[in-house]
Amino acid sequence: MSRSAHEWTARPRLQDDEFVSSTVYTHPGIFELEQERIKRATWKFACHESELPTRFDFRTVEHAGYPIVLVRTEEGGIRAFINSCSHRAATVVRAPRGNAEQWRCLFHAWTYDTRGRCIAMPRASGYEQAGLCKDGMGLREVKVGIKLGMIFINLNDEGSPFDEYFGDAFEILEDVMGTKELEVFHLHKTVINANWKQWFETNMEIYHEYLHFLNRNIAMSNDEFYERRWKIYPNCHGTLTPMKQRYERVKGLGRRDERTLPGLTPGEFRVVDLFPDTTILCRATVLRIDTSNAISPNQTLVEQRGLGIKGESAEDRLIRINHHNQFWGPFGRNLPEDVVAVEAVEKSNRCGASRYGIMARHDEMKSLDDALMRAFYKEWSEYMGRPASNPLGALPGETNAANR
Ligand SMILES: [Fe+2]
């Protein structure tokens, strides 16, 4: 039976954790609070070590609205800084990547080394009266953690230590990413018209695989697909039991029983979700790192990296790129379909046509259970200090009535 306007907007008759208010995706105040309490307070995947192969290589990224620069130091380590001049805040390093021993701000030529020290300010004597000198004017350093070649950053100096935050979440990636050196061969950025959480949800729930032609044929046609179980680690990272996918069932995909990445059996698929916005997916011969940067409540920069084995032959690399792009390239038959779906959700949420999203599937933690999404919003609620089912109740200056 269809529903009246009253019935449509009424709170769902579900447990609090079985649905979320659509305002978690649309409200500007919620967005700003997420940036502060979640994005700037947790560990964030920034890039892969292969993107900074030699000393003094740098890469700039955005994180939680902040410009960040990462650099391979003279000693071979990785450091990260907020990419903002100590003087008047101009972005210091303006190129997406490069190699430099010093960075000079274009505005007034204050200059920094790759340890973040301010090493030159023109006509510094003019600051003597004010008691200011370059010694106290370094860049703001950002914490770095490295695991299996993946570089993470954390803007919160007081937050959980790296190893404590992730715990055992990388356990099923150790053999895949830790045996042979991998490198990024594909970096693809897309701005989508959807909220960052909606994008991450496509990696946290498998029920939507009905969307995907390839997944229906190579995965959902096996009972094993439905019997896999979610495992949820402390701090809300999650993984699903690995499974073999039958690529040979779709003409043109090839068998994928050669060039398998270390630790995987032919055709094997693995996925690891890292709270709050990064996913690592292994698809037999290729590995994808998926992360995003929230631009606004309804705009998200999605970043996809494809990885292969460093030093492999040109022929092997070409096949691996082909395998990657069949699913995850800009014209693949998987990832672009997710974009279409989440943009369709966002369209209804933004205009207020939809008030709630339902996450009420229970299936003994099997693959079609919404358990990881419920865990995500439980974690989200703790960081945000408000329930995802009714998040505006406690926002300053607003009442529940505003929770449309
Ligand atoms: Fe998907």
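**Entry 1: a word to start with.** I call a residue buried under 20% relative accessible area, exposed over 50%, and partly exposed in between. Arg 55 has 45% relative accessibility, so I noted it as partly exposed. I also remind myself that this is a predicted model.

**Entry 2: confidence.** I looked up the pLDDT and found a chain average of 95, with 97% of the residues scoring at least 70. One stretch asks for care: residues 394–404 have a pLDDT below 50, and I found 26 contacts for this stretch beyond near neighbours in sequence.

**Entry 3: the iron site.** Which protein atoms are the donors of the iron ion? I found NE2 of His 208, NE2 of His 212 and two OD entries from Asp 338, lying 2.0 to 2.6 Å from the ion. Their spacing along the chain reads H-x3-H-x125-D. The pair His 212 and Asp 338 links distant parts of the chain, 126 residues apart: His 212 sits in the loop between α6 (196–204) and α7 (213–218), while Asp 338 belongs to helix α10 (residues 335–351). Both His 212 and Asp 338 are buried.

Why did I write "irregular" for the arrangement of the four donor atoms? Their angles around the iron ion run from 54 to 140°, whereas a tetrahedral label would need all angles between 85 and 135 degrees.

**Entry 4: Arg 333.** Next I visited Arg 333, in the loop between α9 (314–328) and α10. Its relative accessible area is 40%, so Arg 333 is partly exposed. Leaving out residues up to four places away in sequence, I saw Arg 333 touch His 212, Phe 213, Leu 214, Gln 326 and Phe 327. Here His 212 turns up again, one of the iron donors. The C-alpha atoms of Arg 333 and Phe 213 are 7.1 Å apart, though 120 residues separate them along the chain. The side chain of Arg 333 also makes a polar contact with that of Glu 337, at 3.1 Å.

**Entry 5: salt bridges.** My search of the whole structure gave 33 salt bridges. I went back to Arg 55, which pairs with Glu 74, their closest N and O atoms being 3.4 Å apart. Glu 74 lies in the loop between β4 (66–72) and β5 (78–82), and Arg 55 in the loop between β2 (44–48) and β3 (57–63). Glu 74, at 47% relative accessibility, is partly exposed.

I then looked at Glu 183 and Arg 317, whose salt bridge spans 2.8 Å from N to O. This pair joins strand β12 (residues 182–192) to helix α9 across 134 residues. Arg 317 counts as buried at 15% relative accessibility, and Glu 183 as partly exposed at 21%.

Definitions and conventions: Residues numbered from 1 in each chain as written. Predicted model: local features only at pLDDT ≥ 70, side-chain atom pairs only at ≥ 80, totals over all residues. Heavy atoms only, no water. Donors = N, O, S within 2.8 Å, 3.2 Å for Na, K, Ca; no water. Tetrahedral: all angles 85-135°; square planar, octahedral: opposite > 155°, others 65-115°. Helix = DSSP H or I, 4+ residues; strand = E, 2+ residues; numbered from the N terminus. Buried < 20%, exposed > 50% of the residue type's maximum accessible area, 1.4 Å probe, protein only. pLDDT = per-residue confidence, 0-100. Contact = heavy atoms within 4.5 Å. Polar contact = N/O pair within 3.5 Å; in protein donor to acceptor, adjacent residues only side chain to side chain. Salt bridge = Lys/Arg side-chain N within 4 Å of Asp/Glu carboxyl O.
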